[in-house]
Amino acid sequence: MQMLFSTLFAFALLVQTSSAPGRVVNLVLPRNLNADEGVAVELKLGVLERGNEVRVETISGKLLGVISPYGIRSGNQAGTYTIPVPAEAISNNCVSLRIILDRHSRGKRAPTAQEVRSVKLRITSASSV
Amino acid sequence: MDNQKSPFTRRSFLKTSLAAAAGAASLPITTYAFTPPQTAKYIRYNVMSEGGKKALQSYTKAIQAMLALKPEHPHNWFRNAFVHLMDCPHGNWWFYVWHRGYIGYFEETIRNLSGDQTFAIPYWDWTVQPEIPQVMFDNVLTPTDKAFEPYTRNLDVFTSFIQPSLKTYWNSLNTAQRGQLNIRGYKTFEDMWNDVTGNGDPGNMAFATTPTARYLSRQNPKLDPATAKDCSPEIIKAGLKPIEYYNANVSLSFTSSKTPSHMTPPGSNTKFSTIEGLPHNKVHNCIGGVGPLGPGPYGNMTNFLSPVDPIFYLHHSNIDRLWDVWTRKQQQAGYPILPPEPDRTTLSIEEFLFYVNGNGQFVGASKAGEYLSTARFGYEYEPGFGDKLLEISKAQKPGKMQVKGTVKGNRATLSVPSAAVKEHLAASATTLVAEVTVPHPTTGSQTREFHVLVGAPEGVTEADPKSPYFAGTVAFFGNMSHAHGTPGDATFAVPLPKAPQAFKGLEATNATVEIRIVAAGGQTQPSLLKSATIRAI
């Protein structure tokens, strides 16, 4: 059972930019996944301008999820959010993701280090669902 | 009550309560008793079903009645929304439980004001239907309806209408309520009202004018692709996956952060669970117009006067339904549905002070523990997304395997299907767990820790944790000098080693598993193993 509760994470190894908007992060799993284990990416956000959202996509452009803070007072940091990473986004224990700050009518751009403070991979436990 | 098995859906709540009253609380784990489903008094239907459509007729009637009530009445439509603005928890582990109470009392209100005593709030299953049901644009089911104009035409009109009665209410609040509001950041009435007006920040304005009260429209009812993604099966499935009600590691937690109070505002240390952080938040914001409406102001759903929009209750009914799905998943798999002590008590004793019941009376101080079960309001859900996952999981789950051993001395022998052992050894999702029952040490006994050995060679009396035969150590905590009479037995769940040496006869249909208990650290050992059972989980 203890194995089920084990959680491992890896910080982004490399930060780079490319022509597409957003920040690309390359993350490495610390070990092979066991059967039925999953992977999630955990993002800790800082202060976001009202109405801004954070999109997480694969490098090929598949949307994995969107963080849209709710109930956060102006000026407060937005907290930490978890988005599942599908198995097809993992290759050789590596995951490359594009993190985008969506400002809607004002366009998209890479978030600053203050807006997205950390990005981690976590291995999630096996479960019956 | 222990944290391992306490089914809290209404189907089995009563029986579990009786077990707790009978003293099961002293056991590290309880039995895995099956409780047959009972019939709920109310059914929360999918809004698209016939039952859901019928419920909306009563809902419409009651909203009209609530709009017509004077602002001094706690059931006035807007006064009801202010309960949410003043008290709702977000980003913490009371999110689900508080909203269950809020919706439950609201449902009673609708029942009374519509005259439909069968009413239960329908749910909107946005995973299956990622657009606002067309019927929710009819009449007062949208806050853009002309019936709202006398109150929400503009902020001045709204202020004149609601503020005097709210101030009177504010001045009547007791010390405990004021204390909670202080934590929320509402030290004065003006602090609270600033969240209504936005206090210069249009994005923080909870009030919305009638025509802008809901961004999505009859012509544009679809959730945008990003919101639909956050409501998609893969996200919901991930949100249902955690096996703990709360874990400090949010990836493993069904609920959001553990905070000192349900009033603690979300901030830098807040960790949002997947279901609250993604579909819950995004649906609120999408309906309110985050994105297309720039920095705001937004429709009602984006801020804490979101219950002004009748879709709020269908949205939260679905969130509550997913909690129920998760609960049943946990029960089916044999996982806990609440945190262990002392967290369970901390969670349960939190006071909710602002609810209004179906008779229009202030509930007063009620505790979170009262709302952990759907039994509190006597409802069940018509199946929706997630229920199918449970069926599949149940069919595939080998976890029903259970073998009881023969005990002689401190040794239990069990015959277990080799296939189950091999699955266990293969590091798959299935784990074999031994439940060993030993008597609680009596007063004066120095032997309080025992190693559990599996398949260990004859004569072995000690085992290193690195040994392939070592399953774990069970220990009793604290002395028993305060206890009177026989302290009873205790059952511990210990995962079996993942080493093939610990099992004999794997080539046959059934393998032999031998479990022994030895006193740890050279303590004297009485004969103590009372029973042993192996289960696949």
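# Reading confidence, helices and an interface

Me: Before I trust any detail of this predicted model, what is the mean pLDDT of chain B, and what share of its residues reach 70 or more?

Reply: Confidence is read per residue first, and only then as an average. In chain B the mean pLDDT is 85, and 83% of the residues reach 70 or more. Over residues 1–8 of chain B, however, the pLDDT is below 50, although this stretch has 37 contacts in the model beyond near neighbours in sequence. A further stretch, residues 476–487 of chain B, also stays under 50, and for it the model has 11 contacts beyond four places in sequence. Chain A has a mean pLDDT of 86, with 82% of its residues at 70 or more, while its residues 1–17 fall below 50 and have 39 contacts beyond near neighbours in sequence. For the model as a whole, the scores are ipTM 0.85 and pTM 0.74.

Me: How many helices and strands are there in chain B, and what percentage of its residues count as buried?

Reply: Counting elements gives an inventory, and burial then adds how residues are surrounded. Chain B has 15 helices and 13 strands, and of its 537 residues 48% count as buried. Sequence separation adds another view: among the contacts in chain B between residues at least 6 apart in sequence, 74% join residues at least 24 apart.

Me: Taking helix H4 of chain B as an example, what span should its 20 residues have, and how far apart are its end C-alpha atoms?

Reply: One compares the expected length with the distance in the model. At 1.5 Å a residue, the 20 residues of H4(B), residues 95–114, should span 28 Å, and the end C-alpha atoms are 28 Å apart, so the two agree. Just after H4(B) comes Gly115(B), whose phi is positive, near 80 degrees.

Me: Is H4(B) largely enclosed by the rest of the structure or largely open?

Reply: Here one counts the buried residues along the helix. In H4(B), 16 of the 20 residues are buried, so the helix is largely enclosed by the rest of the structure.

Me: At what angle do H4(B) and H12(B) pack, and how far apart are their axes?

Reply: A helix pair is described by angle, distance, handedness and the residues that meet. H4(B) packs with H12(B), residues 311–333, at about 125 degrees, with the axes 10 Å apart; the two helices are therefore oblique to each other, and their crossing is left-handed. Among the residues that meet are Tyr96(B), His99(B) and Phe106(B) from H4(B), and Tyr313(B), Asp320(B) and Trp323(B) from H12(B).

Me: Which residues of H2(B) and H4(B) meet, and at what angle do the axes cross?

Reply: The axes of H2(B), residues 50–68, and H4(B) come within 8 Å and cross at roughly 85 degrees, which makes H2(B) roughly perpendicular to H4(B). Ser58(B), Tyr59(B), Lys61(B), Ala62(B), Ala65(B) and Met66(B) of H2(B) meet Ile110(B), Leu113(B) and Ser114(B) of H4(B).

Me: How many residues of chain B are in contact with chain A, and which helix gives the most?

Reply: An interface is read by counting residues on each side, and then by asking which elements supply them. In this model 52 residues of chain B are in contact with 41 residues of chain A. The elements of chain B that give two or more residues to this side are H9, H10, H11, H12 and H14, and H11(B) gives the most, with 7 residues.

Key. Residues are numbered from 1 along each chain as its sequence is written. Chains are lettered from A and ligands numbered from 1 in the order in which they are written. This is a predicted model: local features need pLDDT of at least 70, side-chain atom pairs count only at pLDDT 80 or more; totals for chains, interfaces and linings use all residues. Helices (H or I, at least four residues) and strands (E, at least two) are DSSP runs, numbered from the N terminus. A residue is buried if 20 or more other C-beta atoms lie within 10 Å of its own, exposed if 12 or fewer, and partly exposed in between; C-beta atoms are placed from the backbone. Two residues are in contact if their C-beta atoms, placed from the backbone, lie within 7 Å. The expected span of a helix is 1.5 Å times one less than its number of residues. pLDDT is the predictor's confidence in each residue, from 0 to 100. Axes are lines fitted to C-alpha atoms, for helices over the stretch in contact, and angles run from 0 to 180 degrees between N-to-C directions. Angles under 35 degrees count as roughly parallel, over 145 as roughly antiparallel, 65 to 115 as roughly perpendicular and the rest as oblique. A crossing is left-handed if the near helix is turned anticlockwise from the far one by less than a right angle, and right-handed if clockwise.
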